[in-house]
Amino acid sequence: MSAAPSAGAASSAGAAPRPGAASRSGTAPRPGAAPSAGAAPSAGAAPSAGAAPGVSAAPSAGAAPSAGGAPGAGAAPRSGAASRSGTAPRPGAAPSASAASSAGAASSAGGAPGAGAAPRPGTTQRPGAAPSVSAASSAGAAPSAGAVPQPGAAPQPGPDGGGEAAWLIVAPRRVKTPGRRTHGLLVQLYSLLSQRSWGMGDLGDLAELSAWAGRTLGAGFVQVNPLHAAVPSPPDGPGGDPSPYRPSSRRFPDPVHLRVEAVPEYAYLTDEARERVDGLCRTAGLLRDAVLRQGALIDRDAVWALKREALEVLLREVPLGPGRSAAYNAFLAEQGAALEDHATWNALAEIHGPDWHSWPAALRDPASPGTARARREAMDRVDFHCRLAWLTDTQLAAAQRTAREAGMDIGLVHDLAVGVHPGGADAWAQQRHFAPRMSVGAPPDAFNARGQDWGLPPWRPDRLAESGYAPYRALLRGLLRNAGALRIDHVMGLFRLWWVPEGREPTEGTYVHYDAEAMLAVLVLEAHRADALVIGEDLGTVEPGVRETLREHGVLGTSVLWFERDWEGTGRPLPAGAWRADCVATATTHDLPPTAARLTGEHVQLRHDLGLLTRPLAQERAEAAADVHEWLGVLSRLGMLSDGVGCEEDEIRAVHRFLLATPARMIGIWLPDAVGDRRPQNLPGTWDQYPNWRLPVADAAGHPVTLEDLAASPRLHALMAVFRERVRRGDGPGESARTAPPGAHPV
């Protein structure tokens, strides 16, 4: 490759680079290895006063044009996608209007403003290198009418046609923070069934939950799992991967979440079509009853098979009216080539299977003549999948609108997974941006001596920089369009990721660094445009300085009660007043035991039964019991245990009273905790030994509960009464952000 790695771009875990590892500073990369991007601002890259925040191109003084450089003047990229060489522009692609103007302060690494961005040592570009990316922050800017390119626009040559093009990211310094303290619900949407669900929770249930929680519980937000498009199960093959954290595409939502009856055209079905869809609805009712009453697991593939057939009938039999047709066409124009590629992958997957690596060679390149021909031949199916993306987007928008109308300050909090399935739509459509034969994982730690391989291909830092972070910008923009906030899973991935070469053990991986300054600038810019908050999941092994940098940019962290201890001092539970304010404080997450299970020690027994413990059962039980005993002692001394130790429901309420005593700006209530559920939604380290991502919300006895049951639950209302007592007090902010012991990785 032509681009050289920047100084300090990729680090190994304290060892000299081995063959196959990403190179460290001064080490030449092996053939085929992706160097890390250390793109530095070019000289003179600071924006002038009045420049609009956005991602734009600025010429680098005196630099030679980059190899394979930007398209010539007048060449517009396809709307919504990174431009390909030789691709004709789409009609109707318009730049977005910028939201605010810059004060002209370029930010240096770490977020401090400077008077002008000079190249950092070791990051000067050489001829043939990728365009540099400079991040500049705007301060308190006024609206501007200036326009910035959509994701996918390539930098243009300088005015004289001679200078090297460079990307300039002009962004506010910080994401906005909550206007007032608030609490909300955390839930895995598929697990929340109602009496109207088709075997798993859907967007109709999400809207219903939001309306009830906002008006009845005073909740300010509902946080859900990633709703990304999943990899479909192969025909007549094993079921698809149920994990929402290993999707086919993060760019578009999964139509399995659609509420079929809420599609407007449903009301106009007649005769045989109506009977066919109603029959499918009755079959879906059997799936729902099996989960709720017969102990069956949630079967996403079975639900999707019914919904897909119903939607095919619906879309075939009922034409769109003029207004709906205009709205659909506007969506197509807005999403552009990214949606076309996504729909094409889905259409081809129906024929050739869900892993594009096994497709005929002519179809493995989304820009090939063979793919263009196959797209034309399957245009009906391509349009079907485009329609599904549009319908899902409209129902997501309706759910967010419902949440805000119910009085929620934030509304929906969407979740961004770390990566995508290597055989899925994004990996196919954006091949140039992914590192082949590499996977993201985690290094060995105290909880997993072998490390972890998550099976997710990483983005190449150099290719992201070359494109002006186009795929990343489009991803954020798509997720934020119907959200009040975005949670980023493993937010440390904005700084570095543990790359594991194909065929190697995770212990043989290495850290590859990303240009965090640019990644954060794009994140802040897109969140600013959407008027949204950003929450980072920063649990586990966190590089020094990362939490501080995130806080400087307004990104909230995640604090889980059981991990909040004075790790730098006594090791005892951290007093409520010492917790950080800029976080979502919660008792648990989808990867951790529910609070009831932790209080009783059932989570230890579960791991023992599955053969996951690395120490004797008695030792694990004693350590877990001591941890709980110490925390209950704190709660008792603070007078938060009104019924004393031993009453499970009051202990859970006391845990949440403590969370309210912290200065955390947002308090998250794990919805299953409200009814005493003991089963984790995901048990790390398991695959088929445990039904990850397939369990409905259940009560303390393990009986599934519906949304209607939740709304009537005395136990839930007793817990939420804790929040009604204090939710609007607006406690002042606090500092201190020790959220995990050094080197810890909670499981």
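This briefing walks through the helices, the loops, one strand and the cavities of the protein chain. What you're looking at is a predicted model. The chain has 747 residues, and 58% of them count as buried. Its secondary structure comes to 17 helices and 22 strands. Among contacts with a separation of 6 or more, 78% join residues that sit 24 or more positions apart.

**Two helices that match their expected span**

- Let's start with helix α6, which covers residues 379-405. With 27 residues at 1.5 Å a residue, α6 should span 39 Å, and its end C-alpha atoms are indeed 39 Å apart, so the two values agree.
- Just after α6 comes Gly407, with a positive phi of about 100 degrees.
- Helix α2 takes up residues 271-293. Its 23 residues should span 33 Å at 1.5 Å a residue, and the end C-alpha atoms are 33 Å apart, so α2 agrees with the expectation too.
- After α2 you'll find Gly295, whose phi is positive and near 80 degrees.

**A helix that bends**

- Helix α4 runs over residues 322-352, and a straight helix of 31 residues would span 45 Å. Between its end C-alpha atoms, though, α4 spans only 35 Å.
- Where does α4 bend? Look at Gly336, where the bend is about 100 degrees.
- Gly353 follows α4 and has a positive phi, near 100 degrees.

**The buried residues of α2**

- Several residues of α2 are buried, including Ala273, Val277, Leu280, Ala284, Arg288 and Val291.
- Here's a handy bit of background: an α-helix has 3.6 residues a turn, so residues three or four places apart point the same way.
- What do the buried residues of α2 pack against? Their partner is helix α3, residues 300-317.

**Two residues with a positive phi**

- Most residues other than glycine have a negative phi.
- Asp271 is not a glycine, yet its phi is positive, at about 50 degrees. You'll find Asp271 in helix α2.
- Is Asp271 buried or exposed? Its relative accessibility is 67%, and anything over 50% is exposed, so Asp271 counts as exposed.
- Tyr469 is another residue other than glycine with a positive phi, near 60 degrees. Tyr469 belongs to the loop between α8 (461-466) and α9.
- The relative accessible area of Tyr469 is 1%, and the cut-off for buried is under 20%, so Tyr469 is buried.

**Two loop residues**

- Gly503 sits in the loop between β17 (496-501) and β18 (510-513). Gly503 is exposed, with a relative accessible area of 77%.
- Gly503 and Met438 are 65 residues apart along the chain, while their C-alpha atoms are separated by 9.2 Å.
- Ala362 lies in the loop between α4 and α5 (369-377). At 42% relative accessibility, Ala362 falls between the 20% and 50% cut-offs, so the label is partly exposed.
- Which residues does Ala362 touch, leaving out those up to four places away in sequence? They are Ser368, Gly370 and Thr371.
- Ala362 and Ala372 are ten residues apart in sequence, and 9.8 Å lie between their C-alpha atoms.

**A buried strand residue**

- Val222 is part of strand β10, residues 221-224. Its relative accessibility is 0%, and so Val222 counts as buried.
- Along the chain, Val222 and Val187 are 35 residues apart; in space, their C-alpha atoms are separated by 7.5 Å.
- Not counting residues up to four places away in sequence, Val222 touches Leu185, Val187, Leu206, Leu209 and Ser210, among others. The residues Val222 touches also include Met408, Gly411, Leu412 and Val413.

**Cavities inside the model**

- Rolling a probe the size of a water molecule over the atoms shows where empty space is left.
- How many cavities of 30 Å³ or more does the count give? The count comes to nine.
- The largest cavity has a volume of about 250 Å³. Its lining is made of 22 residues, and Arg250, Val418, Trp459, Gly493 and Leu497 lie nearest its centre.
- The lining of the largest cavity divides into 17 nonpolar, three polar and two charged residues.
- Helix α9 (residues 470-480) gives the most to that lining, with three residues.

Notes
Residues numbered from 1 in each chain as written. Predicted model: local features only at pLDDT ≥ 70, side-chain atom pairs only at ≥ 80, totals over all residues. Heavy atoms only, no water. Helix = DSSP H or I, 4+ residues; strand = E, 2+ residues; numbered from the N terminus. Expected span 1.5 Å × (residues − 1). 1 Å grid on protein atoms, 1.4 Å probe; cavity = no way out; pocket = protein on both sides within 12 Å on 5 of 7 lines; lining within 4 Å. Points joined across faces, edges and corners; volume = space filled by probe spheres on them. Nonpolar A, V, L, I, M, F, W, Y, C, P; charged D, E, K, R; others polar. Buried < 20%, exposed > 50% of the residue type's maximum accessible area, 1.4 Å probe, protein only. Bend = angle between axes of the 7 residues up to and from the residue. Contact = heavy atoms within 4.5 Å.
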